[in-house]
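Biologist: Please take one part of this model and look at it closely. Then explain how that part sits against the rest of the chain.

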Amino acid sequence: MLNPLLKQVVESPIGETKRWLDGRSFPIDRPLLNVSQAVPGYPPPDAMIEHIKDAASEFAAARYTPILGIPALRAALAADVSAQYGATIGENQVGITSGCNEAFCVATMAVAEAGTEIILPVPYYFNHDMWLRSVGISPVYLDTGDGMLPDPERASLLVNDRTRAIVLVTPNNPTGAIYPPALIEEFHDLAARNGIALIVDETYRDFLPDGAPHHLFSNSTWTETAIHLYSFSKVFSLTGYRVGAMIAGEQVLDQAAKLLDSLTICPPAIGQMAALFGLEHLDGWRADKRAEMQRKIERFVAAMAGTPWQVESAGAFFAYVRHPFVEVAARVVAERLLDEHSVLSLSGDMFGPGQEGYLRLAFGNLDEASVDVLVDRLLTARSS
Ligand SMILES: Cc1ncc(COP(=O)(O)O)c(C=O)c1O
């Protein structure tokens, strides 16, 4: 009676690790450091909360919006991306979704049908893998190389007549790796040459270091190839409001709109009002959070240098570290870190094959001083 495709999909690692905390308490002198989920540990700013309170009293907040979102939000995001990427994005090329995960689901469904393939660099964001498998699209794994960067030449060997898209996540979850513009360009060329889509999830783009270039829309024919995915969850600390977006050619958005209508009819109105407020009023806050996140990552990388823990890559929201216990599976290391050091992390095996040696540490939930506590606890961990 149950869908066999879904039955073979693994359970979400987030659900599983949350259960590790069930019924557990932590010593007063060693409280939990939760570096498992990519969620900002701070609330939205007061101005945003006041705005949401006011917005909630408007009738419009209780009503459906257009399928692809409130026009003012589509226009504001088009302007934001145009300014940051040095591009000209029209509001008709922007679709607002109920979070970036929904954007991924409809983007992939817009370009690929069951029985086809999508190339996914490993380690991957697990919901991407889960979704593709759920709908009968085969994820084809592309191993990443130095600095956790995927190689377009290797990717080209995986393209065949069933391939519909390549997925990139930059800054990356889980590795924190930031893909250089030239690399994104090479993937764009590869996808364009083969008539397939390049789907780029930039959920963490607001946490790029100051001055780091944004890149995707420079090619004049990008609408034929590129699909850009975005989230308002992390930038404005709105994870529960469920607002994200996709930027694509109108031919892709037209197909996606059929799915969005059937799935959620529209993104939550109140979430869209919050996102619009953020784009219009919170540039300063966004910059402060970016700087804070950057300081945390730099502090962590500096403190780990020369230790047995190797920071394989780090940036934006994450560090991906090779643990020093060669003989021990990552999941066992993660469980021991929780038992003995009150550190909740995610183990590499949750992000795909061959990741046994790694842990993912997410920095959104830590204040700056806690970074040093995390380092101390990692460095005192033992192999057994
Ligand atoms: C790479 C990536 N894409 C999408 C999402 C989901 O974003 P949203 O909350 O907008 O659905 C996440 C959340 O962790 C993520 O890491």
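Modeller: Two strands pair if DSSP finds at least two bridges between them. Helices (H or I, at least four residues) and strands (E, at least two) are DSSP runs, numbered from the N terminus. This is a predicted model, in which local features need pLDDT of at least 70 and side-chain atom pairs count only at pLDDT 80 or more, while totals for chains, interfaces and linings use all residues. Residues are numbered from 1 along each chain as its sequence is written.

The part I have chosen is a sheet. Four strands make up this open sheet, and they lie in the order β9-β10-β13-β12 with antiparallel pairing. At its edges are β9 and β12 (346-347), and each of these pairs on one side only. Between β9 and β10 there are five bridges, in the antiparallel sense. Within this sheet, S313 stands opposite Y320 in β10. Helix α11 lies across β9 and β10, and its direction is at about 165 degrees to β9. Such angles run from 0 to 180 degrees between N-to-C directions, with axes being lines fitted to C-alpha atoms, for helices over the stretch in contact.

Now to the surroundings of this part. The domain assignment, which is automatic or from a database, gives domain 1 as 4-43 + 284-380 and domain 2 as 63-282. Taken over C-alpha atoms, the centres of domain 1 and domain 2 are 25 Å apart. In domain 1, 36 residues are in contact with 29 residues of domain 2, contact meaning that the C-beta atoms, placed from the backbone, lie within 7 Å. On the side of domain 1 that touches domain 2, at least two residues each come from α1 (4-7), α11 (283-304), β9 (310-315) and β10 (318-322). The largest share of that side, six residues, is supplied by α11.

The chain has another sheet to set beside the one above. This open sheet has seven strands in the order β2-β8-β7-β6-β5-β3-β4, and its pairing is mixed. β2 (94-97) and β4 (138-143) are at the edges with a single partner strand each, so one side of each has no neighbour in the sheet. From one strand to the next, the twist averages 25 degrees. Inside the sheet, β6 (residues 197-201) pairs with β7 (residues 226-231) in the parallel sense, over four bridges. V200 stands opposite H228 in β7. Helix α9 packs on this sheet and touches β2, β7 and β8 (244-247), with a direction that makes about 20 degrees with that of β2.

Two pairs of helices complete the picture. Two packed helices are described by the angle between their axes and the distance between the axes. For α5 (residues 100-111) and α9 (residues 250-263), the angle is about 125 degrees and the axes are 9 Å apart. In this contact, α5 contributes E102, V106, A107, M109, A110 and V111, while α9 contributes V252, Q255, A256, L259, L260 and L263. For α3 (residues 46-56) and α10 (residues 269-281), the packing angle is about 140 degrees, with 10 Å between the axes. Here A47, M48, H51, I52, A55 and A56 of α3 meet I270, M273, A274, F277, G278 and H281 of α10.

Notes. Contact = placed C-beta atoms within 7 Å.
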